[in-house]
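Biologist: I would like to go through the empty spaces in this model with you. Could you tell me how each term is meant as we go?

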Amino acid sequence: MGIPVIDFSKIEGQERAKTLAQISHCCEEWGFFQLINHGISEELLERVKKAASESYKLEREPGFKNSKPVKLLNELVENKSSGKAENVDWEDVFLLSDDNNDEWPSKTPGFKETMKEYRAELKKLAHKVMEVMDENLGLPKGYIRKAFNSGEEDNAAFFGTKVSHYPPCPHPQKVNGLRAHTDAGGVILLFQDDEVKGLQMLKDRVWIDVQPLKNAIVINTGDQIEVLSNGRYKSAWHRVLAMPDGKRRSIASFYNPSLKATIEPAPELVVKKVEKEEENMAKYPKFVFGDYMSIYVEQKFLPKEPRFQAVKAK
């Protein structure tokens, strides 16, 4: 069993209504789905795979061998401890954004050019996915995008790309690949490894593999989509298992609100008319996203509901 797979090209054709319904079902019941025929060329995706893998080998791998999770795991094994390495992840990770260009890998040929091209294409896909969510929720076209951009043009929202590698782990039962969490932001677009599995999402209290599928883009919804939809869409818990074999590559891009953006349930989804009176049915508070993030960084791996209560009290 895996997560649903949707042919995104059919959103433009005769099967549009059916495809909209499939995406609506995935957003409401899963919080995770895979898109194929999403419009990003296979040629570009192959270049992205190569650039990411080469950057790890050339610029990141030596550092990981001396990292905190490796040292903690070695200590556990040397001490013959039955415990597990806590508060660390078996992950090498760096962030790409429009604001940290000088921190991007610089020794890997073609890395910057390839990833800039990929991020531009992925951002276009994020806009399309959010417009589908708008339509399915009965919101005006561009509602989510505008909310994330503080009502401004499309340069206020944060679009970041997290490039991760999960090397083979000699004792995978003793460490997490990435601890279980929900994502703080909006829409996440993941280009994951074709072959090495490890990502799982929680559905009905069961961990389900997000199956590797060549050149698909995995979509998952973050906490802010849950709020904007007034709980109709839920952010899903997910985790990465450390694996004994294979080096798993993961390139996750986040279309998140501006830190200044005010987030609240869309009015169209909370106002209910009862005998000519209007009743507010909001399930989530109104807050500034930057305030939410200050709480999230401290509570990322804890239950999400207290975060909403904490930001309400700010």
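Modeller: Gladly, and let us start with the largest pocket: strand 3 (92-96), strand 4, strand 11 and helix 7 (289-299) each supply at least two residues of its lining. This is a predicted model, where local features need pLDDT of at least 70 and side-chain atom pairs count only at pLDDT 80 or more, while totals for chains, interfaces and linings use all residues. Residues are numbered from 1 along each chain as its sequence is written, and side-chain values use heavy atoms, with hydrogens and water left out.

Biologist: What makes a residue part of a lining, and which lie closest to the centre of the largest pocket?

Modeller: A lining residue has an atom within 4 Å of a point on a 1 Å grid over the protein atoms alone; a pocket is an open set of such points with protein on both sides within 12 Å along at least five of seven lines, whereas in a cavity a 1.4 Å probe fits but cannot get out. The largest pocket has a volume of about 490 Å³, and of its 19 lining residues, Phe-158, Phe-254, Asn-256, Met-293 and Tyr-296 are the closest to its centre. Helix 7 gives the largest share of this lining, four residues.

Biologist: How many residues of each class line the largest pocket?

Modeller: There are 12 nonpolar, four polar and three charged residues. Here Ala, Val, Leu, Ile, Met, Phe, Trp, Tyr, Cys and Pro count as nonpolar, Asp, Glu, Lys and Arg as charged, and the others, Gly among them, as polar.

Biologist: And what is the volume of the largest cavity?

Modeller: About 170 Å³, where a volume is the space filled by probe spheres set on the points, with grid points joined across faces, edges and corners. The structure holds one cavity of 30 Å³ or more. Among its 18 lining residues, Leu-178, Leu-190, His-238, Ser-250 and Ala-252 lie nearest the centre.

Biologist: Which strand gives the most to the lining of that cavity?

Modeller: Strand 11, with four residues; strands are DSSP runs of E with at least two residues, and helices runs of H or I with at least four, numbered from the N terminus.

Biologist: Why are strand 5 and strand 10 called a pair?

Modeller: Pairing needs at least two bridges found by DSSP, and three join strand 5 to strand 10, so these antiparallel strands qualify. They belong to an open sheet of four strands in the order 5-10-7-8. Its edge strands are strand 5 and strand 8 (206-209), because each pairs on one side only.
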